[in-house]
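Thanks for coming. I have one structure to go through today, and I will keep to what can be read from the coordinates.

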Number of protein chains: 2
Amino acid sequence: EDGAARQAARDRNEQLTKPPGALGRLEDLAIWYGAWRGTGRPAITSPQVIVFAGNHGVAARGVSAFPPEVTMQMVANFEHGGAAVNQLSKVFGARMDVHALDLDRPTADFTASPAMDEAEVIAALRCGWEAVAAGTDLLVTGEMGIGNTTSAAAIAMALFGGAAGDWTGRGTGVDDAGLDIKTQVVAEGVARHAGVSGLEALRCLGGREIAAMAGAIARARVLRIPVILDGFICSAAAACLENAVPGALDHCVAGHVSAEPGHSKVLNKIGKDPLLALGMRLGEGSGAALAMGIIKGAVACHSGMATFAEAGVSEG
Amino acid sequence: EDGAARQAARDRNEQLTKPPGALGRLEDLAIWYGAWRGTGRPAITSPQVIVFAGNHGVAARGVSAFPPEVTMQMVANFEHGGAAVNQLSKVFGARMDVHALDLDRPTADFTASPAMDEAEVIAALRCGWEAVAAGTDLLVTGEMGIGNTTSAAAIAMALFGGAAGDWTGRGTGVDDAGLDIKTQVVAEGVARHAGVSGLEALRCLGGREIAAMAGAIARARVLRIPVILDGFICSAAAACLENAVPGALDHCVAGHVSAEPGHSKVLNKIGKDPLLALGMRLGEGSGAALAMGIIKGAVACHSGMATFAEAGVSEG
C-alpha cells in the first residue's frame with residue numbers, strides 16, 4: 001500500500017458532508033482501498049471474479065454429499081451463466097472467469113501421500129497467478145471442488161492446531177455418518193503430513209483450485225489489487241500465504257463469514273472481521289461477490305460525496 | 001403477500017443448482033420478496049430511495065452537535081447529488097427523491113406541547129404516502145432532520161417503556177453535556193405525553209419527516225412493495241405502524257443495525273434481524289440503500305440461476 005495515498009484518502013474522508021465516523025466501517029474500507037490503489041479518490045470500474053475448479057482424491061473416501069462429477073457439471077453451469085456466482089457477478093458489474101484445473105486427474109488422497117507433487121502445486125499456483133487480469137481493480141476468488149471443505153479443514157488444522165472436529169463441518173451437507181468419516185479423513189491427513197506449514201500445507205493437504213486461489217491472491221498483491229476473501233476454502237488458501245509471510249493478506253478483506261463452522265475460526269486466526277454474516281455456505285466466491293456491493297458502496301461514497309466546503313454545509 | 005407466489009418461489013428455490021440452504025438468508029429474502037411481488041420468479045428493476053427532511057422544535061434545546069440550518073443545507077446537498085445516499089442510490093441503480101417538509105416551520109418542542117397537531121401529522125403522512133412511485137419494486141425511506149434522534153428516542157420510550165437513557169444516544173455526535181440534555185429532553189417529552197402509542201406517539205413526539213416515512217411505508221404495503229428499513233429514526237417511524245397494527249411491517253426488512261445504541265433495541269422489539277452491521281449512523285437512508293445490494297443479489301440468484309434439470313447437474 002501507498003502511505004501518501006492513505007493520508008490523502010484520510011484527509012478527504014474528514015471533509016465529506018457527514019458527521020465524523022458516521023459511515024462506520026465504510027470509511028475504513030474506502031481508505032484501505034485507496035491506499036492499495038495509490039489514490040486518495042479511487043474508483044472501482046473493473047471488478048473480476050475468478051472461479052477455480054479442481055477434483056480431490058479424498059472425495060473417494062465419501063466425504064461429500066455430492067458425487068465428484070458435480071465439479072465438472074458445475075463448471076459447465078458457470079460457463080453457461082447458471083450458477084449463483086454468475087448472477088452476483090452480473091449484479092455488481094464484475095467480469096467472471098472460470099478455470100478448471102485438470103478435472104480428469106484428481107489430486108492424490110492426502111491420507112496416503114501429498115495431494116500434489118511440487119510441479120503440480122506450482123502449475124496450480126501459476127494458473128491462479130496468470131488468471132488475474134492486469135486491469136482488474138477488485139478481485140474475488142472462488143472455487144468449486146467436491147471434497148474441498150475436507151481439504152480446507154485439514155489445512156486449517158495443520159496451520160492452527162486443535163482437533164479435526166474443530167475444523168470439520170458438513171460442507172455441502174453430509175449426514176452424521178459422513179461427518180464422522182470426514183473428521184477421520186482430516187485427522188489422518190494431518191497426521192500423515194505432521195508439521196507442514198505455509199505453502200507445504202497447501203501442497204500436501206490442498207487441491208489445485210485451492211492453490212490457484214492462493215496464486216491469484218498473491219498476484220493481486222503485486223498488482224495492488226484489493227481482494228475480497230470468500231468462505232472457508234478461500235480463507236484456508238489465503239491462510240497458507242499469511243502463514244508463510246505474515247502480512248501477506250493486508251490487501252484482503254473477508255467478504256463474509258459462512259455457516260461452515262471452521263470459517264469463523266480461520267478468520268479469527270488471520271485477523272479478518274467479515275463484512276457480511278448471512279448464513280451462506282455455497283462457495284463459488286458467492287459470499288465475496290455479494291460483498292463487492294459493500295466495497296463499491298464505500299468507495300462511491302468516499303469519492304463521490306461533496307465536501308462541507310463544496311456543499312456549503314455547516315460543520316458541527 | 002401472496003401465498004401462491006410464496007409457494008412458487010419456495011418450489012423454485014428447491015430446484016436451483018446449489019446444496020439445499022447453501023445461500024442462507026438470501027433464500028429467505030428472495031422467497032419473501034417474491035411473495036410480496038406476487039411471483040415465484042421476481043425481478044428488481046425500479047428501486048426507489050426517498051429522503052424526507054423536517055425540522056424539530058426540540059433542536060432549540062441543544063440536543064444536536066449540528067445547528068438546525070444543516071437540515072436545509074443537506075437538502076440542497078441531496079438535490080445536487082453530493083450526499084452519501086446519492087452515491088449509494090447510484091451504485092444500486094435506484095431512483096432518488098427528496099421531500100423537504102416545511103423546513104422553515106419546525107415542529108413544536110414536544111416537551112411543551114404535541115410536536116404536531118392533527119392536520120400537520122396528516123399532511124406529513126400524506127406527503128410520504130404520495131411520494132411512493134407506482135412502479136417502484138423496492139423502497140428505501142430515509143431522513144434528514146437536525147434533532148431527530150431525540151424524537152426517535154422519545155417515540156421508542158413511549159412505545160416500549162424503559163428509561164430515557166436506554167434510548168438516547170449521541171446521534172450525530174453530541175458531547176457528554178449534550179447527551180445529558182438530550183436524555184432529559186426525551187424524559188420530559190415522554191412524561192408530557194404519557195400513555196401515547198401508535199400514530200399518536202408519531203404525532204406528539206415525532207417529526208414531519210418521521211411521519212412521512214411512516215406514510216411511505218404504509219403506502220408500500222398497499223402497493224405490495226417490499227421496504228428496507230434504515231436506522232434508528234426510520235425504525236422508530238416504522239415501530240409506530242407496528243404498534244398501531246401488529247404485522248404492519250411484514251413487507252419490511254431491516255437493512256442494517258446502526259451504531260446508535262437504541263437501534264438494536266427497537267429492531268428487537270419489532271422483530272427484525274438486520275442484514276448489515278457496519279457501524280453506520282448517518283441516516284439519510286444510507287444503511288438501507290447499501291442493503292439494496294443484498295436484496296438485489298438475493299433476487300438475482302433466485303430468478304437467474306439454472307435448476308438442476310436445466311444445467312444437468314446431479315443432485316446430492
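Salt bridges, then. This is a predicted model, and a search of the whole structure, over all chains, gives 26 of them. As background, side chains of opposite charge can pair when their charged atoms come close. I will take a few of the pairs in turn.

Start with chain A. A:Lys18 and A:Glu27 join through their side chains in a salt bridge, with 3.0 Å from N to O. Are these two residues buried or exposed? A:Lys18 and A:Glu27 are both buried.

Now chain B. The side chains of B:Asp102 and B:Arg105 form a salt bridge at 3.1 Å, N to O. B:Arg105 has a relative accessible area of 42%, so it is classed as partly exposed. B:Asp102 is partly exposed as well, because its relative accessibility is 37% and the partly exposed class runs between 20% and 50%.

Another pair in chain B is B:Arg203 with B:Glu200, a salt bridge of 2.7 Å from N to O between the side chains. Where do B:Arg203 and B:Glu200 lie? Both are in helix α9 of chain B, which covers residues 198-205. They are 3 residues apart there, about one turn of the helix. B:Arg203 counts as buried because its relative accessibility is 14%, and the limit for buried is under 20%. B:Glu200, at 33%, counts as partly exposed.

Back in chain A, salt bridges also link up into a network. Its members are A:Asp102, A:Arg105, A:Glu120 and A:Arg208.

Next, how the two chains relate. In general, two copies of a chain are related by a rotation about an axis and a shift along it. Here, chain A superposes on chain B after a rotation of 180°, with 0.0 Å of shift along the axis and an RMSD of 0.0 Å. The two copies are therefore related as by a two-fold rotation axis. Which residue of chain A comes closest to that axis? A:Gly293 does, with its C-alpha at 2.9 Å. As for the interface, 100% of the interface residues of chain A are also interface residues in chain B, so the copies meet through the same surface.

Now inside chain A. The chain is divided into two parts: domain 1, made of 3-42 + 302-311, and domain 2, which is 47-294. Between the C-alpha centres of domain 1 and domain 2 of chain A there are 32 Å. On the domain 1 side 7 residues take part in the contact, and on the domain 2 side 17 residues.

The size of an interface is often given as the accessible area lost when the parts come together. For domain 1 and domain 2 of chain A, the buried area is about 1000 Å², and carbon and sulfur atoms give 63% of that. Which three residues supply more than any other three of the area that domain 1 of chain A buries against domain 2 of chain A? They are A:Arg25, A:Trp32 and A:Trp36, which together supply 60% of it.

On the polar side, 6 residue pairs are in polar contact across this interface of domain 1 and domain 2 of chain A, both residues being at pLDDT 80 or more. The interface also has 1 salt bridge. A:Arg25 comes up again in a salt bridge with A:Asp273, at 3.5 Å from N to O between the side chains.

Two backbone angles next. Most residues other than glycine have a negative phi, and most peptide bonds are trans. A:Arg224 has a positive phi, near 55°. A:Arg224 sits in the loop between α10 (208-222) and β4 (227-229) of chain A, and is partly exposed at 37% relative accessible area. In chain B, B:Arg224 also has a phi near 55°. B:Arg224 is in the loop between α10 (208-222) and β4 (227-229) of chain B, partly exposed at 38%.

Last, A:Thr111. This residue is in the chain A loop between β2 (95-100) and α5 (118-131), and counts as buried because its relative accessibility is 14%. Which side chains does the side chain of A:Thr111 make polar contacts with? One is that of A:Arg61, at 3.0 Å; another is that of A:Asp109, at 2.7 Å. Setting aside neighbours within four places in sequence, A:Thr111 is in contact with A:Arg61, A:Val185, A:Glu188, A:Gly189 and A:Arg192.

Methods. Residues numbered from 1 in each chain as written. Chains lettered and ligands numbered in written order. Predicted model: local features only at pLDDT ≥ 70, side-chain atom pairs only at ≥ 80, totals over all residues. Heavy atoms only, no water. Salt bridge = Lys/Arg side-chain N within 4 Å of Asp/Glu carboxyl O. Buried < 20%, exposed > 50% of the residue type's maximum accessible area, 1.4 Å probe, protein only. Helix = DSSP H or I, 4+ residues; strand = E, 2+ residues; numbered from the N terminus. Least-squares fit on C-alpha atoms with pLDDT ≥ 70 in both. Contact = heavy atoms within 4.5 Å. Domains from an automatic or database assignment. Buried area = accessible area lost by both parts, 1.4 Å probe. Polar contact = N/O pair within 3.5 Å; in protein donor to acceptor, adjacent residues only side chain to side chain.
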